[in-house]
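User: I would like to take the labels attached to this model one at a time and ask what justifies each of them. Please set every value against its cut-off before you conclude.

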Amino acid sequence: MLGAGRAVLAGWARAGEGGAGPGPRPPPRVLPLPLPDGRGAPGDAQGWRRALEAAARALQAGGLVALPTDTIYGVACLAQDSRAVRAVYSLKGRDGTKPLAICLAGVEHVYRYCHVNVPEQLLRDLLPGPVTLVLQRSDGLNKDLNPFTSLVGVRIPNHAFIRELAQACPGPLALTSANVSSQASTLTVSEFQDLWPQLSLVVDGGPIGDTQSPECRLGSTVVDLSVSGKYTIIRPGCALGPTVEILKQKYGLTLEPS
């Protein structure tokens, strides 16, 4: 295993866990995200654009934004903003040796921030989707983001809003779940209301999945692909079966123990 070893890689199992700096802050603005119409397009294009522009402004000002993903609610900041990254750890009460994932708008952006040793079609078979792929990081990524490891987890959620937001921002987003570390993942904005005072904006996309189902809170499946020809399951998550089928059956990768 490359990087800082298995102890660090175990942190990717919580990379889906997710600020502003210390000190009192006014409550964040809560913006509803219009639900898609029957064709999958935003039912209220103006409301969608308003939420997107507000989130981009907040992030570029160094703030933290809570928003829906394809699995659970997350908290995002600009990954290249070291102060904002530190604020995420403060928000969550997170161990500083546990890594944060990055969120990108599309597969074509992965090559700027990672050294990829798998076929591009493999990436496109899994992304966008509920999967975090752990790869060797490149020099293009902020050195203050996870400085203790040579690896980085990459997310491209299957959710149009967060992908459009990533496209609108300079550089990748750092993404983690909207909850205090070690607490359950959240499926509605009310479930992390205790974090609101430390956030710049909350984008309310409604409930994600079945709030009564523990399986809906599993977060993304986290897979280490940093070693050529091999894969390691860091966190089973919500998409283990389909992910393993693609890696093993279609591409012939060998499972390595975590």
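User: What makes the approach of Asp81 to Arg83 at the start of H3 a polar contact?

Analyst: At the start of H3, a side-chain oxygen of Asp81 reaches to within 3.2 Å of the backbone nitrogen of Arg83. A polar contact is a pair of N or O atoms within 3.5 Å, where one must be able to donate a hydrogen and the other to accept it, and residues adjacent in sequence count only if both atoms are side-chain atoms. The value for Asp81 and Arg83 falls within that limit. Just after H3, Gly93 takes a positive phi of about 65 degrees. This is a predicted model, in which local features need pLDDT of at least 70 and side-chain atom pairs count only at pLDDT 80 or more, whereas totals for chains, interfaces and linings use all residues. Residues are numbered from 1 along each chain as its sequence is written, and side-chain values use heavy atoms, with hydrogens and water left out.

User: Why is helix H3 described as largely enclosed by the rest of the structure?

Analyst: The description rests on burial, since 8 of the 11 residues of H3 (residues 82–92) are buried, where buried means under 20% relative accessible area, exposed over 50% and partly exposed in between (1.4 Å probe, protein chains only). Among the buried residues are Val85, Val88, Tyr89 and Leu91. The buried residues of H3 pack against strand S3 (73–78) and strand S8 (173–177), with contact meaning heavy atoms within 4.5 Å. Helices (H or I, at least four residues) and strands (E, at least two) are DSSP runs, numbered from the N terminus, and the chain comes to 7 helices and 12 strands. Of its 258 residues, 52% count as buried.

User: How do you know that Gln136 is buried, and with which side chain does it make a polar contact?

Analyst: Gln136, in strand S6 (residues 131–137), has a relative accessible area of 17%, and is therefore buried. The side chain of Gln136 makes its polar contact with the side chain of Ser150, at 3.4 Å.

User: What makes the pair of Trp48 and Phe161 edge-to-face?

Analyst: Rings of Phe, Tyr and Trp (its six-membered ring) pair if their centres lie within 6.5 Å, and planes under 30 degrees apart count as stacked, over 60 as edge-to-face and the rest as tilted. A search of the whole structure finds 2 aromatic pairs. Trp48 and Phe161 lie 5.6 Å apart, centre to centre, with 85 degrees between the planes, and the pair is edge-to-face. Trp48 belongs to helix H2 (residues 45–60) and Phe161 to helix H6 (residues 160–168), so the pair ties together parts that are 113 residues apart in sequence. Tyr73 and Phe192 form a tilted pair, at 5.8 Å centre to centre and 45 degrees between the planes. Tyr73 is buried, and Phe192 is buried too.

User: Which residues touch the most other members of the largest nonpolar core?

Analyst: A nonpolar core is a set of buried Ala, Val, Leu, Ile, Met, Phe, Trp, Tyr and Cys residues joined through side-chain atoms within 4.5 Å. Of the 50 residues in the largest core, Ile102, Phe192, Leu199 and Leu225 touch the most other members. The largest share of this core, 6 residues, comes from H3. Leaving aside its neighbours within four places in sequence, Ile102 has contacts that include Tyr113, Leu141, Val152 and Leu173. A second, separate core of 25 residues includes Leu33, Ala56, Phe161 and Cys169.

User: What makes Asp70 and Arg155 a salt bridge, and is each of them buried or partly exposed?

Analyst: A salt bridge is a side-chain nitrogen of Lys or Arg within 4 Å of a carboxyl oxygen of Asp or Glu, and the side chains of Asp70 and Arg155 meet at 2.7 Å, N to O. This pair links distant parts of the chain, with Asp70 in the loop between strand S2 (65–68) and S3, and Arg155 in strand S7, 85 residues apart. Asp70 counts as partly exposed at 21% relative accessibility, whereas Arg155 is buried at 5%.

User: How far apart are the closest N and O atoms of Arg124 and Glu120?

Analyst: The closest N and O atoms of Arg124 and Glu120 are 2.8 Å apart, in a salt bridge. Being 4 residues apart in helix H5, Arg124 and Glu120 are separated by about one helical turn. Arg124 is partly exposed at 38%, and Glu120 is partly exposed at 36%.
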